[in-house]
Every structure is written in structure tokens, then in C-alpha cells.
Amino acid sequence: MSNAAVVLLSGGLDSMVTAGLAREAGYRLLALTVDYNQRHRIELDAARRIAAALGVERHIVLPLDLTGFGGSALTADIAVPKDGVQPGIPVTYVPARNTIFLSLCLGLTEAAGARDLFIGVNALDYSGYPDCRPDFVAAFETMANLATKAGVEGDRFRVHTPLIAMTKAEIVREADRLGLDAGMSWSCYDPTPDLSHCGLCDSCRLRALGFAEAGLPDPTDYAERP
């Protein structure tokens, strides 16, 4: 499919900006959202809002219940930490999540006749996840071109990570520059019963700090201010 790209669209701020940048670059957008029965399934609604706002041609919400694996505060009965961003890899890490999700994106990309994949990973303001690093992305792209018919025939895949070296403040500014409503996106790992952002998990803290450092109003409804 000429000039099309597949965007991994979680519903978060980073994936929204990534999709916006792909559209700005002239790509026709296909989007993949994985419903992995995550604790914060409300982000699926955010992904649908974003896909509609960006004019995504095809949005697939794919069920893949990772609670069968567990091993994460997002997929098992493990408390989400609320005491600030900690060093090391936190319990909100989902085992091999980006490897799994990018593999699904790769399958969709090849099936659709596209060759470009976009993912909103970031190696600066993130929670220490190993599958957000440039080395991981480069290794995945190498694998993609070894593991596919298109790749071995020389029609190479490209994995785009436009946010990889941005701070969260820079990402917030990009959302504003692109004219995207950041309020459409969802970041919180542990939504309150009334579906507000908790304000205290790692993801909420990074989001709030990004808006503060960007000097832009934060449209997020936090149950507690970070």
C-alpha cells in the first residue's frame, strides 16, 4: 500500500504525537491498538478518539489477553507504585511488550503492503523500560528484514521512532504545534473509579512534569496533583 504507515497507537500522549508526526510527514495512517486486558483499558477509548481525529484509514483494536502471562502491575494483581519515579525497571514493565506489539505491527504492515512502522518510544523521559531504547529498535528493524518475505526480497521495512530523543516537555510542545488536543490522550496506569488520572503513578508524574516544563496548560483531570 503506497505511502501508508502502520502506527502503534496505545492512546497515550506519545503515541498520539507519533501518529500526528507520521501524518505530517505525508503518510496515510493505519493504526494498531492492542487490547491486552491492561489495568488501564480506558486508554483504548483514547486510541479510538485519536484515530478518528487524525483521520486514520483503518484502526484495528486487536484483543490479546496478556493477563494469561501476568508478570506486571498492568496485567496482574500487583500494586502500581505511587511514590515517585524510581530507578531501575519498575513493576509496570510488561514482559516483552514492545517486542510483541511491534511484531503484530510488522505482520499488519506486510499484509497491507506498507513498509513503514511508527512507535512512540522515548529514551529520555521514560520509566526505565528496556524496550524503549534505540538499540532495541535497531535490533527489531534488523529482525523484521530477516523474518519477512518483503525483507528478504529487498523491500525493506523501516521502524520510525520520532520521539526517541525528546523530553516529555518537547513532546507536549509537539502536540501543541501539531494542533492536537492532548486531552484526548490517556497516560495513567491506575485510573480512579471515576476514571480520572490518579496523578501519582510514574506515567502521571511524567505527564504532569512535561506540561509544567513546556509551560503549557495541562488538560488532564488528576485525582491528586503530582
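Modeller: Before we start, one term: two strands pair if DSSP finds at least two bridges between them. Also keep in mind that this is a predicted model.

Colleague: Got it. So how many bridges join strand β1 to β2?

Modeller: β1 covers residues 4–8, and β2 covers residues 28–35. The two strands run parallel. Pairing takes at least two bridges, and the number joining β1 to β2 is 5.

Colleague: Which residue in β2 is the bridge partner of Val6?

Modeller: Val6 sits in β1, on one side together with Ala4 and Leu8. Leu8 from that side has Leu32 as its bridge partner in β2. For Val6, the partner in β2 is Leu30.

Colleague: And how many residues of β1 are buried?

Modeller: Take the faces one by one: Ala4, Val6 and Leu8 on one side are buried, and Ala5 and Val7 on the other are buried too. So with buried meaning under 20% relative accessible area, both faces of β1 are covered. The count for the strand is 5 of 5.

Colleague: How many of the 8 residues of strand β2 are buried?

Modeller: Here too the strand is largely enclosed by the rest of the structure. That follows because the buried residues in β2 number 7 of 8.

Colleague: Zoom out for me. In what order do the elements run from the N terminus on?

Modeller: The protein has 7 helices and 5 strands. Reading from the N terminus on, the order is β-α-β-α-β-α-β-α-α-β-α-α.

Colleague: What radius of gyration does the protein have, and why does it fit a compact globule?

Modeller: The C-alpha atoms fill a box of roughly 55 × 40 × 30 Å along the principal axes. A compact globule of 226 residues would have a radius of gyration near 17 Å, so the protein agrees with that, at 17 Å.

Colleague: What share of the exposed area do carbon and sulfur atoms supply?

Modeller: Of the 226 residues, 53% count as buried. The protein still exposes about 9,800 Å². Of that area, carbon and sulfur atoms supply 53%.

Colleague: How far apart are the centres of the positive and negative side chains?

Modeller: There are 20 positive side chains and 28 negative ones. The centres of these two sets lie apart by 4 Å.

Colleague: Is Val17 buried or exposed?

Modeller: Val17 is found in helix α1, residues 13–24. Beyond its neighbours within four places in sequence, Val17 is in contact with Leu163, Ile171, Glu174, Ala175, Leu178 and Leu180. Buried means under 20% relative accessible area, and Val17 has 0%, so it counts as buried.

Colleague: What about the cysteine at 201: what is the relative accessible area of Cys201?

Modeller: Cys201 lies in the loop between α6 (168–177) and α7 (202–214). Leaving out neighbours within four places in sequence, Cys201 is in contact with Val80, Pro81, Lys82, Cys188 and Tyr189. Cys201 is buried, with a relative accessible area of 0%.

Colleague: Is Leu195 buried or exposed?

Modeller: Leu195 also lies in the loop between α6 and α7. Its phi is near 65 degrees, a positive value in a residue other than glycine. The cut-off for exposed is over 50%; Leu195 has 51% relative accessibility, so it counts as exposed.

Colleague: Asn37 caught my eye. What is its relative accessible area?

Modeller: Asn37 lies in the loop between β2 and α2 (42–53). Its phi is positive, near 60 degrees, in a residue other than glycine. Values between 20% and 50% count as partly exposed, and that is where Asn37 falls, at 33%.

Colleague: Last one: which residues does Thr67 touch, not counting those up to four places away in sequence?

Modeller: Thr67 is in the loop between β3 (58–63) and α3 (97–112). Thr67 is partly exposed, with a relative accessible area of 32%. Not counting residues up to four places away in sequence, Thr67 touches Tyr36, Asn37 and Thr75.

Definitions and conventions
Residues are numbered from 1 along each chain as its sequence is written. This is a predicted model: local features need pLDDT of at least 70, side-chain atom pairs count only at pLDDT 80 or more; totals for chains, interfaces and linings use all residues. Side-chain values use heavy atoms; hydrogens and water are left out. Helices (H or I, at least four residues) and strands (E, at least two) are DSSP runs, numbered from the N terminus. The radius of gyration is taken over C-alpha atoms; the globule rule is 2.2 Å times the number of residues to the power 0.38. Buried means under 20% relative accessible area, exposed over 50%, partly exposed in between (1.4 Å probe, protein chains only). Accessible areas come from the Shrake-Rupley method with a 1.4 Å probe; for residues, only the protein chains shown count as cover. Lys and Arg count as positive and Asp and Glu as negative; His and the chain ends are not counted. The place of a charge is taken as NZ of Lys, CZ of Arg, CG of Asp or CD of Glu. Contact means heavy atoms within 4.5 Å.
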